[in-house]
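Thanks for coming. I have one structure to go through today, so please look at the screen while I talk.

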Amino acid sequence: ELSSYSVSILGWFVLGMLSLSAVKLLVLHLLKSIFPLTKPIESYQTLILVFAGVIGLIVFPAILLICFGPNNLATLVVYLGLGLVALGLLLRSLRALGNSTRYITGYPFHFLLYLCGLEIGPLAIVFKLLTA
């Protein structure tokens, strides 16, 4: 059963994810100005924004079902929606990796720094906060 506490946690989670995305876009803009990687970073920034819009459109019916549907259906839809978001983020990552393969092989250390700092680091922090 969804309570007001669950909805409050969901709101903070969404706000946190939006904040992380905004910080990610700002850091990518900073990296673009420091390193000679303008084209792949602009491509990746565009990919982030496009996939965010597509994921939002796909998840919108799930949000309506969660808000206005019966409680037993809401739990199922939450898990299905999270699965769709995870699948969308996986596809985005694979697409970005495919687009920037030529640049990754030219600057492997920069790619490693990016991967650890902006992809794995925030996930490790979220995992630690959720399991603590």
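Let me begin with the surface. Helix 2, which covers 38-68, and helix 3, which covers 71-99, each put at least two residues into a nonpolar patch. Before going on, I should say that this is a predicted model.

Which residues make up the nonpolar patch? Reading along the chain, they are Val50, Val54, Ile58, Leu80, Leu84, Leu87, Leu90, Leu91 and Leu94, and the patch they make is about 810 Å². Which helix gives the most to it? That is helix 3, with 6 residues.

Take Leu90 as one of the patch residues. Leu90 sits in helix 3. Its relative accessible area is 48%, and because partly exposed runs from 20% to 50%, Leu90 is called partly exposed.

Now stay in helix 3 and move to Arg92, which is also placed there. Is Arg92 buried or exposed? The relative accessible area of Arg92 is 11%, and the cut-off for buried is under 20%, so Arg92 is buried. What does Arg92 touch, if we leave aside its neighbours within four places in sequence? The contacts are Lys24, Tyr44, Leu47, Ile48 and Phe51.

Next, salt bridges. How many does a search of the whole structure find? The search finds 1 salt bridge. The side chains that meet in it belong to Lys32 and Glu42, at 3.6 Å from N to O. This pair links distant parts of the chain: Lys32 belongs to helix 1 and Glu42 to helix 2, and they are 10 residues apart.

Let me take the two partners in turn. Lys32 lies in helix 1, which spans residues 4-34. Its relative accessibility is 17%, which is under 20%, so Lys32 counts as buried. Glu42 has 38% relative accessibility, and because that value falls between 20% and 50%, Glu42 counts as partly exposed. So the salt bridge joins a buried lysine, Lys32, to a partly exposed glutamate, Glu42.

What else is in contact with Lys32, again leaving aside the neighbours within four places in sequence? Besides Glu42, the contacts of Lys32 are Thr38, Ile41 and Gln45.

To recap: the nonpolar patch gets 6 residues from helix 3, Arg92 is buried at 11%, and the 1 salt bridge found in the whole structure is between Lys32 and Glu42. That is what I have for today.

Technical notes
Residues numbered from 1 in each chain as written. Predicted model: local features only at pLDDT ≥ 70, side-chain atom pairs only at ≥ 80, totals over all residues. Heavy atoms only, no water. Helix = DSSP H or I, 4+ residues; strand = E, 2+ residues; numbered from the N terminus. Buried < 20%, exposed > 50% of the residue type's maximum accessible area, 1.4 Å probe, protein only. Contact = heavy atoms within 4.5 Å. Patch = residues over 30% accessible without salt bridge, like charges linked within 9 Å, V, L, I, M, F, W, Y side chains within 5 Å. Areas by Shrake-Rupley, 256 points an atom, 1.4 Å probe, with all protein chains shown as cover. Salt bridge = Lys/Arg side-chain N within 4 Å of Asp/Glu carboxyl O.
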